[in-house]
Amino acid sequence: MDKRLKIRKTYKLFIDGKFPRTESGRYYKWTDAKKTIDMSICRGSRKDFRNAVVAARKAFKDWSNRNAYNRSQILYRIGEMLEGCCDQFIGELVLQGLTKSAAEKEITQTIDRLLYYAGWADKYQQVFSRVNPVSLPYFNFTVPEATGVVAVCAPEESSLLGFVSVFAPVIAGGNTCVVLASQSRPLCSVSCAEILQNSDVPAGVVNILTGFRSELLEHFSSHMDINAIIYCGENLQEIKMVEENASLNVKRAIVYNDEDWSKNNSQGPYYILKTQEMKTTWHPVGM
Amino acid sequence: MSKSKTLKFDTGGAYSPAPESTDHIQLKDRYGLFIDGNFTPSKAGKYFDTINPANEEKISEVPEANTKDVDSAVQAARQAYEKVWSKMKPSERGKYIFRIARLIQERAREFAVIESLDGGKPIRESRDVDIPLAAAHFFYYAGWADKLDFAFPGCRTKSLGVAGQIIPWNFPLLMAAWKIAPALAAGNTVVLKPAETTPLTALKLAEVIREADVPPGVVNIITGGGETGKMLVKHPDVNKVAFTGSTEVGKFIMKTLAGSGKRYTLELGGKAANIIFEDAAINQAVEGIVDAIFFNQGHVCCAGSRLYVQESVAKEVISKLKDRMNTLVIGDPLDKNTDIGAINSRMQLEKICEYVDIGKKEGGSVYQPSCTLPEKGFWYAPTLFADVSQSHRIVQEEIFGPVLAIQTFRTVDEVISKANNTPYGLSGGVWTDKGSKLFKVTKEIRAGVIWANTFNKFDPSSPFGGYKESGMGREGGIDGLHSYVELV
């Protein structure tokens, strides 16, 4: 019997719920850990990023206004879909250099993390909201609201668990985002896009780019319609640039330096709080 | 418009002067820097005058702190942090802060008079708003000192170290309280720099702090201008920077701190929309418009400086607003009848004049009540601009003066999109008697504080701070505490 020729997957960007190639037509060569396959990965451009920001901004109003129960279910749905595709992700993680058992552990932790934040999506508001005891004849309350559009520079090492751990609290909190995947381990981040597209996550809520951090980070941090930037990494020069550029429009700059995403304390409602704004609303009490 | 809709104030003539007495206040001719529990002269021996903006007369002089002064203040704060304050039993820490609150209450009248003398704000406001709120702030945070474990579920807290704090001139003592109280409660020590034009109540606060026997170095207060502030921000031994002021300076601070690992909170500018729907209680709304923009001469970052009136009631609202403006008493800040006091400085007055010129050149039509302004000092009459649109500079940029830009709207969605069409997001106002509309609009305005059927209300338990370019972090309440702790 003839050996069947395997179909190879084209890894593309994920913008506004669609899978375009980079508008720039550029690619970079990616080789798996055992040097058996060469692949072309999209080398996303500044223009791709801008398009993604437009999509994220467009999606923000609907997503941030979804009721919390709905957002919670959608995050749970991402977990469900991922559970059904474990083998695919294990395969990709192994190509990226993990052992099979490490890959299995990573995918299960990732699914659990999604469920963890699915559970928080309709609860952090209660934990962080308050009715304030004002000493005036007024009633007021403080609630967290989504910061807006968040640019995420995902961890270079932890390309699935870290990737999901960083954007899940962002969208659980009603933000939309543009995520730059790990440059050296891009496969499962791109495949994650397929999961998101099948999980009732509205188009534009999560946009995923691949490409060079050295090229795109400047644009991620300086774009004037980005409200917050999350940077994962230890490069001090990059951190300085991100924080300097954040000053252009007072972006919230959040740095996860050397975080071990497999730890239990690498999750929690305070990760959601990082991309929340507290709003206090006053009203008189009386006739 | 029917006659019955015209507001009649019927004041029956001018008010007799009712000046607050100044004979009970104690001010020195010259102050020192408050470092390590003592008033010390600046190392360079340079002083600058602080004047009364209502008559341009010198009140006192204060040192201009240089690098060495900043350094000794930070060192004193560091020593006090390491040796005393971070080791002290939290309940004891709280007691010192309670003491500060009590001493401010005891001297409230003196503080109020000095605040009005040095900054130009009406005594009615410094007496009824600034000083009582400053005391309340210390009192509120004092109680948190030994309860930090209850503030952040699932986490314990750690203090940050030395906080460098820079405050503006619009609410001098109140801003000092907003900065110092949560910092101390959380176990940090501070170096505070009051604004160049309004240093006196901060220095009086230093006296209070000394009298409260707060250990030397826990609070240090240094005076100076922008350069002094810059030195404080850049000082390598400062762990946290807290700033209230313009967005421009806030951005500069962010840039300066980039890569330093220092924490920061910023309370920056604003251009709040104040929205009047046709179903609002119109007379109350008119009062609210006045409170929103003319409170403290409009020197308020959260001032309602963009007014949006629903078209169907615009004529009535604007006409009543003009009537009301004609009754505002402008003049001596120390007079208890005064509604609008002096503009804080010549520089600020020039900025306001410049913006009003820009507004006129861009085609806006101006209304000002006829009033006589005092000859000496810095004054500006309350001002309305009609015939302006979103793209006008006086609609987009913060003026920080008694200048209101009025636009009209037809639908809810239209006004929400106009309200949010600004890089700022500090505050907003909504006036309607319809609850469902109120919840929709307050939810959709992208700003940190929303006043519904009221405006410009503050309370120590209630977080204050901005979205977008209006800042980062909150002051007041538990969120204000979060700005001064690390969660572990």
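This is a guided tour of a predicted model with chains A and B, listing what to select and what is there.

**Stop 1: two helices of chain A**

Select residues 68-84 of chain A, which are helix H2, together with residues 100-120 of chain A, which are helix H4. Their axes are 8 Å apart and the helices pack at an angle of about 165 degrees. Angles over 145 degrees count as roughly antiparallel, so H2(A) is roughly antiparallel to H4(A). The crossing is left-handed.

Now show the side chains where the two helices meet. On H2(A), pick Ser72(A), Leu75(A), Tyr76(A), Ile78(A), Gly79(A), Leu82(A) and Glu83(A). On H4(A), pick Thr110(A), Ile111(A), Leu114(A), Leu115(A), Tyr117(A), Ala118(A) and Gly119(A). Which classes do the residues of this contact fall into: nonpolar, polar or charged? Nine are nonpolar, four are polar and one is charged.

**Stop 2: the five-stranded sheet of chain A**

Stay in chain A and find the open sheet with the strand order E7-E6-E5-E8-E9. Its five strands pair in parallel. Select residues 206-209 for E7 and residues 252-256 for E9; these are the edge strands of the sheet, and each pairs on one side only. From one strand to the next, the twist averages 15 degrees.

Next, select E5 (residues 149-153) and E6 (residues 176-180) of chain A. Five bridges join these two strands, which run parallel. Val149(A) can be used as a marker: opposite Val149(A), in E6(A), stands Thr176(A).

Two helices can be added to this view. Helix H8 of chain A, residues 213-222, lies across E5, E6, E7 and E8 (228-232) of chain A. The direction of H8(A) is at about 160 degrees to E5(A). Helix H9 of chain A, residues 236-246, lies across E8 and E9 of chain A and runs at about 180 degrees to E8(A).

**Stop 3: a sheet shared by both chains**

Show chain A and chain B together. Ten strands form an open sheet in the order E3(A)-E4(A)-E10(A)-E17(B)-E16(B)-E11(B)-E12(B)-E15(B)-E14(B)-E13(B), with mixed pairing. Which strands are at the edges? They are E3 (130-131) of chain A and E13 (365-367) of chain B.

To see where the chains join within the sheet, select E10 (residues 276-284) of chain A and E17(B). Three bridges link them, and the strands run parallel. One pair to label is Thr280(A) with its bridge partner in E17(B), Val449(B).

Move along to E11 (residues 273-276) and E16 (residues 427-431) of chain B, which are parallel and joined by four bridges. Here Asn274(B) has Gly429(B) as its bridge partner in E16(B). Then add helix H9 of chain B, residues 282-294. H9(B) lies across E11, E12 (306-310), E15 (403-409) and E16 of chain B, and runs at about 170 degrees to E16(B). Helix H11 of chain B, residues 346-361, also packs on the sheet, where H11(B) touches E13, E14 (383-386) and E15 of chain B. The direction of H11(B) makes about 35 degrees with that of E15(B).

**Stop 4: the contact between the chains**

Keep both chains on screen and look at the whole contact. It takes 36 residues from chain B and 31 residues from chain A. On the chain B side, select H8 (247-257), E17 (449-452), E18 (471-472) and H15 (477-482), each of which supplies at least two residues. By class, this side of chain B has 17 nonpolar, eleven polar and eight charged residues.

**Stop 5: the domains of chain B**

Hide chain A. Colour residues 33-268 + 467-487 of chain B as domain 1 and residues 270-452 as domain 2. Their C-alpha centres lie 30 Å apart. Domain 1 of chain B gives 21 residues to the contact between the two, and domain 2 of chain B gives 27. On the domain 1 side, H3 (108-119) and H4 (123-142) of chain B each give two or more residues. That side divides into seven nonpolar, seven polar and seven charged residues.

**Stop 6: two helices of chain B**

Finish with H5 (residues 172-185) and H6 (residues 200-211) of chain B, whose axes come within 8 Å and cross at roughly 50 degrees. That angle makes H5(B) oblique to H6(B). The crossing is right-handed. Label Pro172(B), Leu173(B) and Ala176(B) on H5(B), then Thr201(B), Ala202(B) and Leu205(B) on H6(B), since these residues make the contact. Five of the contact residues are nonpolar, one is polar and none is charged.

Notes:
Residues numbered from 1 in each chain as written. Chains lettered and ligands numbered in written order. Predicted model: local features only at pLDDT ≥ 70, side-chain atom pairs only at ≥ 80, totals over all residues. Axes fitted to C-alpha atoms, helices over the stretch in contact; angles between N-to-C directions. Parallel < 35°, antiparallel > 145°, perpendicular 65-115°, else oblique. Left-handed = near helix turned anticlockwise from the far one by under 90°. Contact = placed C-beta atoms within 7 Å. Nonpolar A, V, L, I, M, F, W, Y, C, P; charged D, E, K, R; others polar. Pairing = 2+ DSSP bridges. Domains from an automatic or database assignment.
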